[in-house]
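Welcome, and thanks for having the viewer ready. Please load the model, keep the selection panel at hand, and we will go from stop to stop together.

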Amino acid sequence: MASADAHDHGHHPHLAHHFEDLEQQRESHALGMWVFMAQEFLFFGGLFGAYTVYRFIYPEGWMVGSQQLDALIGGANTIVLLFSSFTMAMAVRYAQLGENGKVILNILLTMGFGLAFMVLKYFEYSAKFAHGLVPFEGLGYGFTNAAVAAVPGTRLFFGFYFIMTGMHALHMIIGKGLMTWIIIEIMRGNVSKERHSLVENFGLYWHFVDIVWIFLFPLLYLLGATQH
Amino acid sequence: MSSDHDSVHVSSLGFGFSILLALCGLTGLTVWTARMDLGIFDTPVALAIAFTKMTLVILFFMHAKWSSKAVKLTAASGLVFLLFLFGFTLADYTTRPHDDPWSRLSITPGQIHPSDVVDHGHHGDHGGGGDHGKGGHH
């Protein structure tokens, strides 16, 4: 912690020199993170934009492709992610109150839900490999499912499926790394009631990952769910 | 200048849990409406529910409701540019004269289940077209 040397001009040990007060510091942290979040919205928005264009061009391909996906796993993962968002919101709550033990507990719960999501994702991806629905010939995986491949646009649909869910899963893996780091920072005493932007800003990132899935679930998994 | 103490909003556990329940309920609603045949409204309804869920998460889990104007403006800026992206894209693709893209989005070809086709791999050629979408159960 702050050594009592050059720091005797009377400010809080958790206030950086270039800020006027703790509130300005917190506000600056939040604003910077939101600029990054705006970038994240635009990044995934571009993928959804491309998805939209190709869905207009290949409506049958999107419908048949969606019917191959496991809506039960997709739905279960939606619920798992919503619970992880709730525990993350609670981690932020206790960080604001300065109750670091409960912060760590809720971050561990969030990591647990994130892990459950990845396990379900593993089974889901495995089934796609087994069914020959992986359109990455260059990497040695074939789109060998003749009946599905016969419908125009299905290969492209599965390209979008793997890139969009893959980028989403990558964000979750990075998120779990960040949560490990945050727990270490808390245990080092670098997070306090006065300075908890680390937890608060990571919360923004994790909730964003949840938002992406909120759109991926109906747009990828439920197109072919209509009962006749 | 200092409104120090009301600037940080602390949500109660009960409030957070009620948001969680609302989000789970809306997920159920998404599945329920997806199983109904709404024609061209299938996707608009699903998106309306997704936008509602996103709004709940941004306002209450991401604390946008209690944030400063600068943060609100920054949060909105990304969404505004997405509005441009989707607005102009849809203005093009929904108004092309040669086909009727709205009706094409609501087509429902026959079901193809992986169980029907899982053993048909490694045939090399991808079929003679023409009969796609008819390999299903019904």
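Which side chain does the side chain of A:Ser197 join in a polar contact of 2.8 Å? Select A:Ser197 and show its side chain: the partner is A:His29. Please keep in mind throughout that this is a predicted model.

**Stop 1: around A:Ser197**

Stay on A:Ser197 and colour helix α7 of chain A, which covers residues 197–221 and includes this serine. Is A:Ser197 buried or exposed? With a relative accessible area of 7%, A:Ser197 is buried, because anything under 20% counts as such. Now display the residues it touches, leaving out neighbours within four places in sequence: A:Arg26, A:His29 and A:Phe202. A:His29 therefore appears twice at this stop, in the list of contacts and as the polar partner of A:Ser197.

**Stop 2: all of chain A**

Zoom out and show chain A as a cartoon. You should find seven helices and zero strands, giving the pattern α-α-α-α-α-α-α along the sequence. The radius of gyration is 22 Å, well over the 17 Å that the globule rule gives for 228 residues, so chain A is more spread out than a compact globule. If you line up the view with the principal axes, the C-alpha trace spans about 75 × 35 × 30 Å.

Next, colour chain A by accessibility. Of its 228 residues, 57% are buried. Switch on the surface and you are looking at about 8,900 Å² of exposed area, with carbon and sulfur atoms supplying 68% of it. For a contact map, take the pairs in chain A with a separation of 6 or more: 77% of those contacts are between residues 24 or more positions apart. You can also mark the charges of chain A, 11 positive and 16 negative, whose mean positions lie 9 Å apart.

**Stop 3: A:Thr78, where two chains come into view**

Select A:Thr78, which sits in helix α3 of chain A, residues 71–97. Its relative accessible area is 1%, so A:Thr78 is buried. Now add A:Trp213 and draw a C-alpha to C-alpha distance: 6.9 Å in space, for two residues that are 135 apart in sequence. Which residues does A:Thr78 touch, not counting those up to four places away in sequence? From chain A they are A:Trp213 and A:Phe217, and from chain B they are B:Thr27 and B:Lys53.

**Stop 4: chain B**

Follow those contacts across and show chain B as a cartoon. Here there are five helices and zero strands, in the order α-α-α-α-α. Buried residues make up 30% of its 138 residues. The accessible surface of chain B is about 8,400 Å², and 66% of that belongs to carbon and sulfur atoms. On its contact map, among pairs at least 6 apart in sequence, 57% join residues at least 24 apart.

**Stop 5: B:Ser11**

Finish by selecting B:Ser11, in the segment before α1 (13–35) of chain B. B:Ser11 counts as buried, at 8% relative accessibility. Show its contacts beyond four places in sequence: from chain A, A:Arg93 and A:Gln96, and from chain B, B:Phe60, B:His63 and B:Trp66. Like A:Thr78, which touches B:Thr27 and B:Lys53, B:Ser11 has contacts in both chains.

Methods: Residues numbered from 1 in each chain as written. Chains lettered and ligands numbered in written order. Predicted model: local features only at pLDDT ≥ 70, side-chain atom pairs only at ≥ 80, totals over all residues. Heavy atoms only, no water. Helix = DSSP H or I, 4+ residues; strand = E, 2+ residues; numbered from the N terminus. Rg over C-alpha atoms; globule rule 2.2 N^0.38 Å. Buried < 20%, exposed > 50% of the residue type's maximum accessible area, 1.4 Å probe, protein only. Contact = heavy atoms within 4.5 Å. Areas by Shrake-Rupley, 256 points an atom, 1.4 Å probe, with all protein chains shown as cover. Lys, Arg positive; Asp, Glu negative; His and termini not counted. Charge placed at Lys NZ, Arg CZ, Asp CG, Glu CD. Polar contact = N/O pair within 3.5 Å; in protein donor to acceptor, adjacent residues only side chain to side chain.
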